[in-house]
Amino acid sequence: MTSNREIHLASRPQGWPTEDTFRLVETEVPTPGPGQIVVRNQYMSVDPYMRGRMNDVKSYVPPFALDAPLDGAAIGEVVASEAADIAVGTTALHGLGWREYALLDAAAARPVDPSIASVSAYLSVLGMTGLTAYAGLLEVAAMKPGETVFVSAAAGAVGSLVGQIAKLKGAGRVIGSAGSPAKVERLRALGFDAAFDYHDGVRESLRAAAPDGIDVYFDNVGGDHLEAAISAMNLHGRAAICGMIAQYNATEPPAAPRNLALVIGKRLTLRGFLVNDHNDVRAAFVRDVAGWLRDGTLSYDETIVDGIENAPAAFLGLLRGDNLGKMLVRV
């Protein structure tokens, strides 16, 4: 336990990031001070929101610093502790990914029980990803039984859970878009009533899949997907705006949506949200999801890339849509 490898932000990308945006740096394994722990990371998450943090602009989270490690959700084993309430050997969830060993205050770590689920599940279905799907659909969009739900990027980590939770909570019809025929087939296997490849045309495909319109839209994409959803929405439809990956790497203003005037006549609600604003539903989320996992009614996919040195490639693959379900790096 002498060498620690980290991924640093080497430059701020203009448009799409490249491998040169990142730098692999070797440092010493840190030593904990009073009240601190050192975690040997086992898995780390790469997420679309991280692209925004590579820009030096004001946002809801600070930008990544140049020539310093990136950060994000990670989980691993505590290998050194100077904290009375977290012992060596504990499995802990925390926010210092993109490195092999993480030094942090014990208060910033959340011990979890690896006997309940796989360690990686705490970064996906039982973690922020799952809570985002649950809170966005049920709290932000306030889906009601019998309603028609449309989910964009539905084969991704959040979208695939949104569609399944919608069915489990009584949605009348659930529709998903994805980026390949194989992903479309996976959505059907997960219980989506209809699914389409967005390369075939979003507006036309959605109209065919939802001839009676949609009541709820869970947006992970923005752009043409949001425009199509607005056109398809019924009166008093609601959209939970989780992400807009279509424009994260854009260098020009987005062309769509061009039909925002429909929001008025249809009395639509388009509401952006952050998962951290919905910790009040965490207990209900854990209860429901744990039960669904136990009885086999909820499935989740993971795409795992091995090696901290391959974390940049995993992130770039995520932006291209190479993943099925949650994209993780096994550190």
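In this predicted model, the largest cavity is lined by Ser-124, Val-125, Thr-129, Ala-157, Ser-160, Leu-161, Tyr-300, Asp-301 and Lys-326. About 40 Å³ of space lies inside that cavity, and the structure holds one cavity of 30 Å³ or more. The points below take up this cavity and a pocket, then an open sheet of six strands with parallel pairing, and finally the helix H5, which packs on that sheet and also against helix H6.

**Cavity and pocket**

- Helix H3, which covers residues 157-168, gives the most to the lining of the largest cavity, contributing three residues.
- By residue type, the lining of the largest cavity divides into four nonpolar, three polar and two charged residues.
- The second largest pocket holds about 200 Å³ of space, and of the 15 residues that line this pocket, Arg-51, Asn-55, Tyr-248, Ala-250 and Thr-251 are the closest to its centre.
- The lining of the second largest pocket is made up of five nonpolar, six polar and four charged residues.

**The six-stranded sheet**

- Strands of a sheet pair through backbone hydrogen bonds, either parallel or antiparallel.
- In this open sheet the six strands follow the order S10-S9-S8-S11-S12-S13, and their pairing is parallel.
- The edges are formed by strand S10 (194-197) and strand S13 (269-272), each of which pairs on one side only.
- Neighbouring strands of the sheet are turned against each other by 15° on average, with direction ignored.
- Strand S12, made of residues 233-241, pairs with S13 in the parallel sense over four bridges, and Ala-239 has Leu-270 in S13 as its bridge partner.

**Helix H5 between sheet and helix**

- Helix H5 (residues 202-209) packs on the sheet, where it touches strand S8 (148-151), strand S9 (173-178), S10 and strand S11 (214-219), and the direction of H5 makes about 165° with that of S10.
- H5 also packs with helix H6 (residues 223-232) at an angle of about 35°, the axes of the two helices lying 9 Å apart, and their crossing is right-handed.
- On the H5 side, the contact between these helices is made by Val-202, Arg-203 and Leu-206, while H6 brings Asp-224, His-225, Glu-227, Ala-228, Ala-229, Ser-231 and Ala-232.
- Taken by type, the residues of the contact of H5 with H6 divide into five nonpolar, two polar and three charged.

Terms used
Residues numbered from 1 in each chain as written. Predicted model: local features only at pLDDT ≥ 70, side-chain atom pairs only at ≥ 80, totals over all residues. Heavy atoms only, no water. Pairing = 2+ DSSP bridges. Axes fitted to C-alpha atoms, helices over the stretch in contact; angles between N-to-C directions. Contact = heavy atoms within 4.5 Å. 1 Å grid on protein atoms, 1.4 Å probe; cavity = no way out; pocket = protein on both sides within 12 Å on 5 of 7 lines; lining within 4 Å. Points joined across faces, edges and corners; volume = space filled by probe spheres on them. Nonpolar A, V, L, I, M, F, W, Y, C, P; charged D, E, K, R; others polar. Left-handed = near helix turned anticlockwise from the far one by under 90°.
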